[in-house]
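Colleague: I am new to this model, and I would like a close look at one part of it rather than a tour of everything. Please choose one part, explain each term as you use it, and then place that part in the whole.

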Amino acid sequence: MLRNHAVKDLVLTTGDFDTLLGRTQPDGSHIEGDLEKFVSHEQWQHIVELAANDSENNGKYEEAIKLYDLSQVRTHLISFFGNFLPST
């Protein structure tokens, strides 16, 4: 969806992930961001994953890790780390 890509660009341009997307507390609970008030959970999830993928593709690995963790799709996070572990 074109809107999700436009919002993803806004999120990455501002870098204000906590305000726009929310944040995960140390206990694992999620605090909603402003964006979640206006889109469905599925749209929010898609926007976060788009942002994480773009960050990874642009070499912004710390940003990508934070976004993958926020998306709560652990398979992406595990796969991301797996790419950086040395093979034995």
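Modeller: Let us look at helix α3 and its two partners, beginning with α1, which passes α3 in a right-handed crossing; a crossing is right-handed if the near helix is turned clockwise from the far one by less than a right angle, and left-handed if anticlockwise. Here helices (H or I, at least four residues) and strands (E, at least two) are DSSP runs, numbered from the N terminus. This is a predicted model, in which local features need pLDDT of at least 70 and side-chain atom pairs count only at pLDDT 80 or more, while totals for chains, interfaces and linings use all residues. Residues are numbered from 1 along each chain as its sequence is written, and side-chain values use heavy atoms, with hydrogens and water left out.

Two packed helices are described by the angle between their axes and the distance between the axes. Helix α1 (residues 2-14) and helix α3 (residues 41-57) pack at an angle of about 55°, and their axes are 9 Å apart; axes are lines fitted to C-alpha atoms, for helices over the stretch in contact, and angles run from 0 to 180 degrees between N-to-C directions. The pair is therefore oblique, given that angles under 35 degrees count as roughly parallel, over 145 as roughly antiparallel, 65 to 115 as roughly perpendicular and the rest as oblique. Where they meet, α1 offers Arg3, Asn4, His5, Val7, Lys8 and Leu12, and α3 offers Gln43, His46, Ile47, Leu50, Ala51, Asp54 and Ser55. By class, this contact of α1 with α3 holds five nonpolar, five polar and three charged residues, where Ala, Val, Leu, Ile, Met, Phe, Trp, Tyr, Cys and Pro count as nonpolar, Asp, Glu, Lys and Arg as charged, and the others, Gly among them, as polar.

The other partner is α4 (residues 61-71), whose axis comes within 8 Å of that of α3 and crosses it at roughly 160°. That makes α3 roughly antiparallel to α4, and the crossing is left-handed. Residues of α3 in this packing include Trp44, Gln45, Val48 and Glu49, and those of α4 include Tyr61, Glu63, Leu67 and Ser71. The contact of α3 with α4 divides into nine nonpolar, four polar and three charged residues.

Three residues show this packing in detail. Gln45, in helix α3, counts as buried at 14% relative accessibility, where buried means under 20% relative accessible area, exposed over 50%, and partly exposed in between (1.4 Å probe, protein chains only). Not counting residues up to four places away in sequence, Gln45 touches Ser71 and Val73, a contact being heavy atoms within 4.5 Å. Ser71 is buried as well, with a relative accessible area of 2%, and, leaving aside its neighbours within four places in sequence, is in contact with Trp44, Gln45, Val48 and Glu49. Glu63, also in helix α4, is partly exposed, with a relative accessible area of 21%; setting aside neighbours within four places in sequence, Glu63 is in contact with Leu12, Phe17 and Ser55.

As for the whole, the protein has five helices and two strands, following the pattern α-α-β-β-α-α-α along the sequence. Buried residues make up 33% of its 88 residues, and its C-alpha atoms fill a box of roughly 45 × 30 × 20 Å, taken along the principal axes.
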